Amino acid sequence: MSARVQHPAPAFKADAVINGEFSSVSLSQYHGKWVVLFFYPLDFTFVCPTEIVAFSDRAAEFAKLDAQVLACSVDSKHSHLAWISQPRAEGGLGPMNIPVISDITKSIAKDYGVLIDQGGDIGLALRGTFIIDPKGILRHLSINDL
């Protein structure tokens, strides 16, 4: 199933880091809220922290709009935790106010059409942002190159 605007967003359930702890996250648990799901290529890369931290720092503003922001990459939950545990001043994310989802199986990235399936970057996720309405319908998608 590939994500399409005006269609139900692909369901998922995966491990994540939430408040510095391992937990499970599913799209269905946010039914009734707006969801901003964004993908980034890999942990510990030099550009990714700026967008991730910006979303995290504004999590309360999204919450006021009844929206939940979710970050996702193809890294393991252990990699996510290591990056979150590293202070921002040292290239880490520092404490996060949003769940950081581990798509280690790459199934979420594939379902949302951001998984690179050929070439030198095979297996990475493109940058992508998806807005899902409270009924679970995909209303916006934007996918960009690495």
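These are a few notes on the structure above, point by point.

1. Ground rules before you start looking. This is a predicted model, where local features need pLDDT of at least 70, side-chain atom pairs count only at pLDDT 80 or more, and totals for chains, interfaces and linings use all residues. Residues are numbered from 1 along each chain as its sequence is written, and side-chain values use heavy atoms, with hydrogens and water left out.

2. Let's begin with Ser73, which sits in strand 4 (residues 67-73). Helices (H or I, at least four residues) and strands (E, at least two) are DSSP runs, numbered from the N terminus. Is Ser73 buried or exposed? Ser73 has a relative accessible area of 0%, so it is buried. The cut-offs are under 20% relative accessible area for buried, over 50% for exposed, and partly exposed in between (1.4 Å probe, protein chains only). Leaving out residues up to four places away in sequence, Ser73 touches Tyr40, Pro41, Asp43, His80, Ile101, Ser102 and Asp103. Contact here means heavy atoms within 4.5 Å.

3. Now move along to Val74, in the loop between strand 4 and helix 3 (77-85). Val74 counts as buried, at 7% relative accessibility. Its C-alpha atom is separated by 4.9 Å from that of Ile104, although the two are 30 residues apart along the chain. Not counting neighbours within four places in sequence, the contacts of Val74 include Leu42, Ile104, Ala109 and Leu124.

4. How many aromatic pairs does the structure hold? There are eight. Rings of Phe, Tyr and Trp (its six-membered ring) pair if their centres lie within 6.5 Å; planes under 30 degrees apart count as stacked, over 60 as edge-to-face and the rest as tilted. Take Phe39 and Tyr112: the ring centres are 5.8 Å apart and the planes are at 45°, so this pair is tilted. Phe39 is in strand 3 (residues 34-39) and Tyr112 in the loop between helix 4 (107-111) and strand 6 (127-132), so the pair ties together parts that are 73 residues apart in sequence. Phe39 is buried at 1% relative accessibility, and Tyr112 is buried too, at 2%.

5. There's another tilted pair to look up: Phe55 and Phe62, with ring centres 5.9 Å apart and planes at 45°. Phe62 is partly exposed, with a relative accessible area of 21%. Back with Phe39 and Tyr112, these two join Phe12 and Phe130 in one aromatic cluster.

6. A charge can sit over a ring as well. Lys77 lies over the face of Phe22, at 4.9 Å from the ring centre. To qualify, NZ of Lys or CZ of Arg must be within 6 Å of the ring centre and within 35 degrees of the ring normal.

7. Check the backbone at two loop residues. Asn19, between strand 1 (13-18) and strand 2 (21-26), has a phi near 55°, a positive value in a residue other than glycine. Asn19 counts as exposed, at 65% relative accessibility. Asp66 is not a glycine either, yet has a positive phi of about 60°. Asp66 is in the loop between helix 2 (59-64) and strand 4, and counts as partly exposed at 37% relative accessibility.
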